[in-house]
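Visitor: Hello! I am new to protein structures, and I would like a close look at one part of this one. Could you show it to me and walk me through it?

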Amino acid sequence: MAAENSKQFWKRSAKLPGSIQPVYGAQHPPLDPRLTKNFIKERSKVNSVPLKNKKASSFHEFARNTSDAWDIGDDEEEDFSSPPFQTLNSKVALATAAQVLENHSKLRVKPERSQSTTSDVPANYKVIKSSSDAQLSRNSSDTCLRNPLHKQQSLPLRPIIPLVARISDQNASGAPPMTVREKTRLEKFRQLLSSHNTDLDELRKWSWPGVPREVRPVTWRLLSGYLPANTERRKLTLQRKREEYFGFIEQYYDSRNEEHHQDTYRQIHIDIPRTNPLIPLFQQPLVQEIFERILFIWAIRHPASGYVQGINDLVTPFFVVFLSEYVEDVENFDVTNLSQDMLRSIEADSFWCMSKLLDGIQDNYTFAQPGIQKKVKALEELVSRIDEQVHSHFRRYEVEYLQFAFRWMNNLLMRELPLRCTIRLWDTYQSEPEGFSHFHLYVCAAFLIKWRKEILDEEDFQGLLMLLQNLPTIHWGNEEIGLLLAEAYRLKYMFADAPNHYRR
């Protein structure tokens, strides 16, 4: 009876401000034996069953057979050794394995190419390894090095890059992190930042194509509006704001166990371990405690929305960038080695910069999340104009934009991109007027069209949803993000000031 009451407590829905809004979809949805069986059956019938009779391809059927990311480990463990999981047809398994081997054999590097690869790599080129690389590099130790000028052809040819990779300064092609051009840009940034009154318009112009790692922390503080442009006021402002934040901690944090805040704190406590689970930094207890404090204080100071799943992701770029002021290898660093003053500065600065960001997109997280609903609808209208074929393909297989783009808007593409790419993307977002709201729409449109070939190759509902929720961006770096942003800017230039161009 006690266990039953405990389950009811954890599953009840809060009606107070700060109640949790569920987030649809998962980047890595848990394996469901029912889904595996249905997916194999649907695949085997794809050429024999007419499209109109494929009732099982509806969204409702897909949703019933797919567990949500937020359900992982809340109440009970899944038993993967159950009979349904063991009834996979051996012929189907062998056929699938043969197909996988055949696909991989087509992507193999030619012998001549592989022999010359090592000699083409600069002597000082080094990819930082971490525990998060283990799974990726298990079967590809001989393909980690390659010609840095060789463009991306297939995933096996890409170097293994850590999820943080020196805070994204190393691009995906493996080029050295500092060139003559980058040194010139760094000097320009230092000149701007050291002037008596920093020209914020000029700083935004230089930050749009990316901010050098060495000056990113102070640049982000300025661009977010947290730090004043006047250099004489910066030290006092930082001291005052940091003291103010820890005043909130003393005043409110003990209330997390009170009944009217219990549900909010419980959901934050559940979500924190799921934040970037592949990066060791975010699995450290001290880091998770910092995140809990930041999110709880933000939630109770913004009762109109409270805490919503997805906001936890938005802390991580700020935390990593401000940590990089003190640490080189952020991904594997033990934060207990930092002094208390350093940790307090990182925590307070992350809170205030995240707050500034959320002030511009808070309607994404209020009741019914109207901001996200509007943005997804605008994305649908935009895609219908810029790529009618992709739009018609979604309509043919009954794929709704809300089913995949909700997460793109809710998490600002953080679940679709490695963290190093998110940090580079946010350099531009903070340089753009309404970057996290308005410009993000065009980035999402460019991101969707980037995968048009893969989208058009999928010819069933489940295949499309699986693709759109697991896009292969693990090897992306600055090069790919730069191209994505350039295309987004082109779309904005064409459509933002001429809305009738994409309205029917």
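Here is a close look at helix H20 and its surroundings.

Visitor: Please take me to helix H20 (residues 419–429). Which residues do Asp-427 and Trp-426 pair with?

Guide: Happy to! Please keep in mind that this is a predicted model. Let me begin with the whole chain, and then we can zoom in. The protein chain has 504 residues, and 50% of them are buried. Its secondary structure consists of 24 helices and zero strands. Of the contacts between residues at least 6 apart in sequence, 77% join residues that are at least 24 apart. The accessible surface comes to about 25,400 Å², and carbon and sulfur atoms account for 53% of that area.

Now to your helix, starting with charge. Side chains of opposite charge can pair when their charged atoms come close. In helix H20, Asp-427 has Arg-216 as a salt-bridge partner, with 2.8 Å between the closest N and O atoms. Arg-216 belongs to helix H11 (residues 216–223), so to speak a distant part of the chain: the two residues are 211 residues apart. Both ends of this bridge, Asp-427 and Arg-216, are buried.

Just before helix H20 comes a loop, and there is a salt bridge there too. Arg-415 and Asp-313 meet through their side chains at 2.8 Å, N to O. Arg-415 sits in the loop between helix H19 (402–410) and H20, while Asp-313 is part of helix H15 (residues 311–323), and the two are 102 residues apart. Arg-415 and Asp-313 are both buried. Elsewhere, salt bridges with shared partners connect Arg-221, Arg-242, Glu-325 and Asp-349 into one network. The count of salt bridges comes to 19.

For contrast, look at the salt bridge between Asp-254 and Arg-256, where the closest N and O atoms are 3.9 Å apart. Asp-254 has a relative accessible area of 60%, so this residue is exposed. Arg-256 counts as buried because its relative accessibility is 19%, and the cut-off for buried is under 20%.

Next come the rings. A pair of aromatic rings is described by the distance of the centres and the angle of the planes. The model has 26 aromatic pairs. One of them joins Trp-426 to Phe-318: the ring centres are 5.4 Å apart, the planes make an angle of 55 degrees, and the pair is tilted. Here helix H20, which holds Trp-426, is linked with helix H15, which holds Phe-318, across 108 residues. Phe-318 and Trp-426 are both buried.

A second pair makes a nice comparison. Phe-447 and Trp-476 have ring centres 5.9 Å apart and planes at 80 degrees, so this pair is edge-to-face. Phe-447 is in helix H21 (residues 435–450) and Trp-476 is in the loop between helix H23 (461–469) and H24, so the pair ties together parts 29 residues apart in sequence. Phe-447 is buried because its relative accessible area is 0%, and Trp-476 is buried as well, with a value of 3%.

Trp-426 also belongs to a wider group. One aromatic cluster is formed by Trp-208, Trp-220, Phe-318, Phe-322, Trp-426, Tyr-429, Phe-436, Phe-439 and Tyr-489. Tyr-489 brings us to the surface, where Tyr-489, Tyr-493 and Met-494 make a nonpolar patch of about 370 Å². Within that patch, Tyr-493 lies in helix H24 (residues 478–495), and Tyr-493 counts as exposed because its relative accessibility is 65%.

Let us come back to helix H20 for a word on cysteines. A disulfide is a covalent bond between the sulfur atoms of two cysteines. In the whole structure, a search finds zero disulfides. Cys-421 counts as buried because its relative accessibility is 1%, and Cys-444 is buried too, at 0%.

To recap your question: Asp-427 pairs with Arg-216 in a salt bridge, and Trp-426 pairs with Phe-318 in a tilted aromatic pair.

How values were computed:
Residues are numbered from 1 along each chain as its sequence is written. This is a predicted model: local features need pLDDT of at least 70, side-chain atom pairs count only at pLDDT 80 or more; totals for chains, interfaces and linings use all residues. Side-chain values use heavy atoms; hydrogens and water are left out. Patches are made of residues with over 30% relative accessible area and no salt bridge: like charges are joined within 9 Å, nonpolar side chains (Val, Leu, Ile, Met, Phe, Trp, Tyr) within 5 Å. Accessible areas come from the Shrake-Rupley method with a 1.4 Å probe; for residues, only the protein chains shown count as cover. A salt bridge is a side-chain nitrogen of Lys or Arg within 4 Å of a carboxyl oxygen of Asp or Glu. Helices (H or I, at least four residues) and strands (E, at least two) are DSSP runs, numbered from the N terminus. Buried means under 20% relative accessible area, exposed over 50%, partly exposed in between (1.4 Å probe, protein chains only). Contact means heavy atoms within 4.5 Å. A disulfide is a pair of cysteine sulfur atoms within 2.5 Å. Rings of Phe, Tyr and Trp (its six-membered ring) pair if their centres lie within 6.5 Å; planes under 30 degrees apart count as stacked, over 60 as edge-to-face and the rest as tilted.
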